[in-house]
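Visitor: Take me in close on one part of this model, please. I'd like to begin with a pair of strands and work outwards from there.

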Amino acid sequence: EQDVWITSVAFSPKGHLLASGSHNRVINLWDVDTGQEVRKLEGHDSSVTTVVFSPDGDLLASASWDRTIKIWKVSTGKEILTLSGHKRNVPALAFNPEGNLLASASWDKSIILWDVKTGEQVRTLTGHRGWLNCIAFSPDGKLLASGSLDRSIRLWEVETGQKVRTMKGHRSAVMSVAFSPDGSILASGSLDKSIKLWEVSTSKELQSLQDHWGQVIAVAFSPDGKLIASGSEDKTIKVWE
């Protein structure tokens, strides 16, 4: 059991490890089968906001209130890179499907794409008028979706950093975005208590799912794309067809 507030959790791609980030600045790696701690990753100067594994499971990326992103070697627990460039808190990270790019979204209203090998900034995406809360790569890695306090969702072309289109319809901040496994639909969860489904190719709003009486903080597709799960401050998780 943990005596600190857990801020984020992530399974490794093979499912045998679980990473957890916490308010005490530490990241723990756990053996899923035994529940035993495998190792502690220490180096952040403030609360860890998010943790995410690379697609091959070799690396773990973490972000913190200290405004830095760290990349760790999972097998040794060694810190490989510290990425600095954001001026505010970094609440969201995402690896692209190839694992060579890491995207970070910040309350400084910018998204930075980082080269995972060198730690260099590849490009910076700007245009949102509010804090960034969430990001997600499309399954083919060509698009990046971002959700913001400005109530909009933007789709970016990863190769060029150009904005492809903007999706508007939420009445409050967008807290979570997720692509369907085939990349054709984007789901978004908002503080307006709704989940919206968007057609990626046109930005058309397909559906608005409304049954939560609290703000929607998290959305996720099932691996076959037939179900969506939503998590809310109303203390429920709802599963939708």
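In which sense, and over how many bridges, do S13 and strand S14 (residues 143–148) pair?

Guide: Quick ground rules before we zoom in. This is a predicted model, so local features need pLDDT of at least 70 and side-chain atom pairs count only at 80 or more, while totals for chains, interfaces and linings use all residues. Residues are numbered from 1 along each chain as its sequence is written, and side-chain values use heavy atoms, with hydrogens and water left out.

Now your pair: S13 and S14 run antiparallel to each other, over five bridges. Strands here are DSSP runs of E, at least two residues, numbered from the N terminus, and two of them pair if DSSP finds at least two bridges between them. To pick out one of the links, Leu132 has Ser148 of S14 as its bridge partner.

Step back a bit and the pair belongs to an open, four-stranded antiparallel sheet, ordered S13-S14-S15-S16. Its edges are S13 (132–137) and S16 (163–168), each of which pairs on one side only. On average, neighbouring strands in this sheet are turned by 20 degrees against each other, ignoring direction; the axes are lines fitted to C-alpha atoms, with angles between N-to-C directions running from 0 to 180 degrees.

Other strands meet in the largest nonpolar core, which has 15 residues. For that label, buried Ala, Val, Leu, Ile, Met, Phe, Trp, Tyr and Cys residues must be joined through side-chain atoms within 4.5 Å, where buried means under 20% relative accessible area, exposed over 50% and partly exposed in between (1.4 Å probe, protein chains only). S6 (59–64), S7 (69–73), S8 (79–83), S9 (92–95) and S11 (110–115) each put in at least two residues, and S6 gives the most, with three. Apart from this core lies another, of 14 residues, including Leu113 and Leu144. As background, nonpolar side chains in soluble globular proteins tend to be buried together.

Finally, the charges: the structure has four salt bridges, meaning a Lys or Arg side-chain nitrogen within 4 Å of an Asp or Glu carboxyl oxygen. In one of them, Glu205 meets Lys196 at 3.2 Å, N to O. Lys196 counts as buried because its relative accessible area is 6%, whereas Glu205, at 35%, is partly exposed. Another joins Lys238 to Asp211, with the closest N and O atoms 3.5 Å apart. That pair links distant parts of the chain, 27 residues apart: Lys238 sits in S23 (residues 237–240), and Asp211 in the loop between S20 (205–209) and S21 (216–221).
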